[in-house]
Amino acid sequence: MKYILAIDQGTTSSRAILFDNTGKPVQIAQREVTCLFPHSGWVEADALAIWVSVMDVINEVLIKANLTIDDVATIGLTNQRETTVVWSKKTGMPVYNAIVWQSRQSADICDNFAKEKETIHQKTGLIINPYFSASKVRFILDHLENGQERAESGELLFGTIDSWIIYKLTSGKVHATDVTNASRTLLFNINDMKWDEELCKMFNIPMSMLPTVRPSAYDYGQATFLKSDVHITGVLGDQQAALFGQTCFESGESKNTYGTGCFLLVNTGDKPVFSNKGLLTTVAWQIGNKVTYALEGSVFIGGAIVQWIRDEMQLIENAADSEKIAQMSHRSRVYIVPAFTGLGTPYWDDDARGAVFGLTRGTNRSQFVRACLEAIAYQCKDVMEVMQKDAAQNISVLKVDGGATKNKYLMQFQSDILHTTIKLPKCLETTALGAAYMAGLQCGYYPNLESIKKIHEYQAIYEPQMSKKEIKELYKGWKTAIKATRMFK
Ligand code: ADP
């Protein structure tokens, strides 16, 4: 049997996972990636170190599995999105650190385009924000000696991390990106699925720097650097890969990742749906000529609230304790709004700060911890509510992954408060799995989407148990807490 090698290049680590033909991970290797913080609000990484870490994990995973690259049927690649690399075509070396998605260093550049907000949204589905790649490329060209000249002369290439890894794995032969990564750059028109000349002009980015855009399932070329004839046949940004790895193939199917923050995506089918409530419209994937779109919303403080009660408040010793401590009491009327860095979708209130409501003389640690877990679920409900409205669809099943899905109390409360079935897959490495599924689909390892659905297994299913009346009452309390939080400024 041959295996699929999935490479998952994330913000804090690079991972390689070997999947067998049942979609089971058989071996994994991981290396930390160091983030650099040269100034307050700036986040960079050494692009070469990222490439080295990818090579390290590929070698390690094969060694640990006692296999060689010849045992690999194909390669799938998924990556942190938006992170920007510019390198020299001549030397193959980066000319600047990779600017990581979180970095705010190009905020001033974005301020220049406030007036173009609506055009940008209609073309890209995104908002003007330093988060996306365009202003980061601009920043690099502005801070490089003769940057603009070198770019215009065709000497420099731009790519998100997928492009960078593809370029390196193909020994510099292929400069390409997939549609999902392209759709996070602010330079890609998601309506006609092409780089947008007007946007490139706006940011003064020569189009000769841009990678060729390919479908997510596509033969990107031979990974000659590995001295083998294995090809890269599936590429997707991390959140889209998770949506695919969760087998959300149909319109209306959604997933939520409960990590430090939460990332919700819903498949909206073959047409982009534009939101006026702050959800992003993004390309979910392209297979053949068929493009699938998604709506995306995020919660800033998800599992991070559990870290907060552990590290700052010292109410629990480890994250797992939160589950049992929360269940040591009955539910109280305590609400905690973790607006530590403002509120995201659908409030978009940068100035809001966290608040606690409903304390009594009897409020105890358990109730406080419980309210913190519930706050994660309420915030996700806020996003789901606007998603259902914007997508004009009732979302009846939510597939979940991420570290905080280990918390059974949180998952049951989430199912209750959403009045939605929650499905937790057996393999929680859904991001890598999505890349593996996509690559396998392209190379014929999996004949079709149906065959993937068949092998996809779940470890837990949560059904809603709360009455609609109780949901209404509890959620009303949350909405009041949000309102009151936003008044305190
Ligand atoms: P990321 O990819 O953002 O680093 P992970 O998916 O690894 O996140 O999940 C880590 C997050 O999950 C942390 O914020 C942690 O507090 C939270 N977490 C881990 N275990 C639990 C648990 N049992 N209950 C609640 N939260 C948890």
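How many salt bridges does the rule find across the interface of domain 1 and domain 2? The rule finds two, and the views below introduce that interface along with two other spots. This is a predicted model, in which local features need pLDDT of at least 70, side-chain atom pairs count only at pLDDT 80 or more, and totals for chains, interfaces and linings use all residues. Residues are numbered from 1 along each chain as its sequence is written, and side-chain values use heavy atoms, with hydrogens and water left out.

**View 1. Meet the two domains.** The protein chain is assigned domain 1 (3-239) and domain 2 (247-425 + 457-489), with bounds that come from an automatic or database domain assignment. Where they are in contact (heavy atoms within 4.5 Å), domain 1 supplies 21 residues and domain 2 supplies 19 residues. Taken over C-alpha atoms, the centres of the two domains are 29 Å apart. Together they bury about 1600 Å², with 58% of that on carbon and sulfur atoms; buried area is the accessible area (1.4 Å probe) that two parts lose on being put together, summed over both.

**View 2. A salt bridge, and the domain 1 side of the interface.** Here the side chains of R81 and E296 meet in a salt bridge at 2.7 Å, N to O. The term stands for a side-chain nitrogen of Lys or Arg within 4 Å of a carboxyl oxygen of Asp or Glu. On the side of domain 1 that touches domain 2, the elements giving two or more residues are α3 (117-124) and α7 (179-182). The largest share, three residues, comes from α3. Helices (H or I, at least four residues) and strands (E, at least two) are DSSP runs, numbered from the N terminus.

**View 3. A closer look at Q148.** You will find Q148 in helix α5 (residues 147-152). Q148 counts as buried because its relative accessibility is 17%; buried means under 20% relative accessible area, exposed over 50%, and partly exposed in between (1.4 Å probe, protein chains only). Leaving aside neighbours within four places in sequence, Q148 is in contact with R138, L141, N204 and P206.

**View 4. The buried residues of helix α10.** In helix α10 (residues 304-311), the buried residues are A304, I305, V306, W308 and I309. What do the buried residues of α10 pack against? Their partners are α11 (321-326), β19 (335-337) and α12 (365-391).
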